[in-house]
Amino acid sequence: MDIECLEYFQKIADIKSISKVADKSHISQPALSQQMQKLEDSLGQKLFVRSNRGVKLTSAGELVLKYSDNIIRT
């Protein structure tokens, strides 16, 4: 897990769309999805429920979001 990945995670949680964050961050949507999958794999938890309407945080995702700002600043 790296800081940039957590920053993307926060943006996705805020905007609720991987593709919109990818567009705004000038990264391809598949590359960003792959980074989020690696984050989920490293934590051993699903962080998002993905659908055609965007993403929604799971309870584990809510917990990661709660602490991600502190992790990034530290």
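A salt bridge is a side-chain nitrogen of Lys or Arg within 4 Å of a carboxyl oxygen of Asp or Glu. By that definition the structure open in your viewer holds three salt bridges, and they are where this tour begins.

Before you select anything, note that this is a predicted model, in which local features need pLDDT of at least 70 and side-chain atom pairs count only at pLDDT 80 or more, while totals for chains, interfaces and linings use all residues. Residues are numbered from 1 along each chain as its sequence is written, and side-chain values use heavy atoms, with hydrogens and water left out.

**Stop 1: Glu40 and its partners**

Select Glu40 together with Lys46, and you will find a salt bridge whose closest N and O atoms are 3.9 Å apart. Then add Arg50, which also forms a salt bridge with Glu40, here with the closest N and O atoms 3.3 Å apart. Arg50 lies in strand β1 and Glu40 in helix α3 (residues 29-43), so this pair ties together parts that are ten residues apart in sequence; helices (H or I, at least four residues) and strands (E, at least two) are DSSP runs, numbered from the N terminus.

Which of these residues are buried and which are partly exposed? Buried means under 20% relative accessible area, exposed means over 50%, and partly exposed lies in between, with a 1.4 Å probe and protein chains only. Glu40, with a relative accessible area of 2%, is therefore buried, whereas Lys46 at 49% is partly exposed, and Arg50 at 37% is partly exposed too.

**Stop 2: Asp69 and Arg73**

Move to helix α4 (residues 59-73) and select Asp69 and Arg73, whose side chains meet in a salt bridge at 3.2 Å, N to O. Because they are four residues apart in helix α4, Asp69 and Arg73 are separated by about one helical turn. Asp69 is partly exposed, with a relative accessible area of 36%, while Arg73, at 60% relative accessibility, counts as exposed. Looking back at the previous stop, salt bridges that share partners join Glu40, Lys46 and Arg50 into one network.

**Stop 3: the nonpolar patch**

Stay with α4 and select Leu63, Tyr67 and Ile71, adding Ile3, and you have the residues that make a nonpolar surface patch of about 360 Å². Patches are made of residues with over 30% relative accessible area and no salt bridge, where like charges are joined within 9 Å and nonpolar side chains (Val, Leu, Ile, Met, Phe, Trp, Tyr) within 5 Å; the accessible areas come from the Shrake-Rupley method with a 1.4 Å probe, and for residues only the protein chains shown count as cover. The largest share of the patch, three residues, comes from α4. Tyr67, which is found in that helix, is partly exposed, with a relative accessible area of 41%.

**Stop 4: Gly61 and its contacts**

Still in helix α4, select Gly61, which at 0% relative accessibility counts as buried. Leaving aside neighbours within four places in sequence, Gly61 is in contact (heavy atoms within 4.5 Å) with Phe9, Lys46 and Leu47. If you draw a line from Gly61 to Val21, C-alpha to C-alpha, the two are 17 Å apart in space and 40 residues apart in sequence.

**Stop 5: the aromatic pair**

Rings of Phe, Tyr and Trp (its six-membered ring) pair if their centres lie within 6.5 Å, with planes under 30 degrees apart counted as stacked, over 60 as edge-to-face and the rest as tilted. By this rule the count comes to one aromatic pair. Select Phe9 and Phe48: their ring centres are 5.4 Å apart and their planes stand at 50°, so the pair is tilted. Phe9 lies in helix α1 and Phe48 in strand β1 (residues 48-51), so the pair ties together parts that are 39 residues apart in sequence. Phe9 counts as buried at 0% relative accessibility, and Phe48 is buried with a relative accessible area of 4%.

**Stop 6: two loop residues**

Finish with Thr58, placed in the loop between β2 (54-57) and α4, where at 17% relative accessibility Thr58 counts as buried. Not counting residues up to four places away in sequence, Thr58 touches Lys46, Leu47, Phe48 and Val49.

Then select Ser17, in the loop between α1 (3-15) and α2 (18-25), which counts as buried at 10% relative accessibility. Not counting residues up to four places away in sequence, Ser17 touches Ile12 and Val55.
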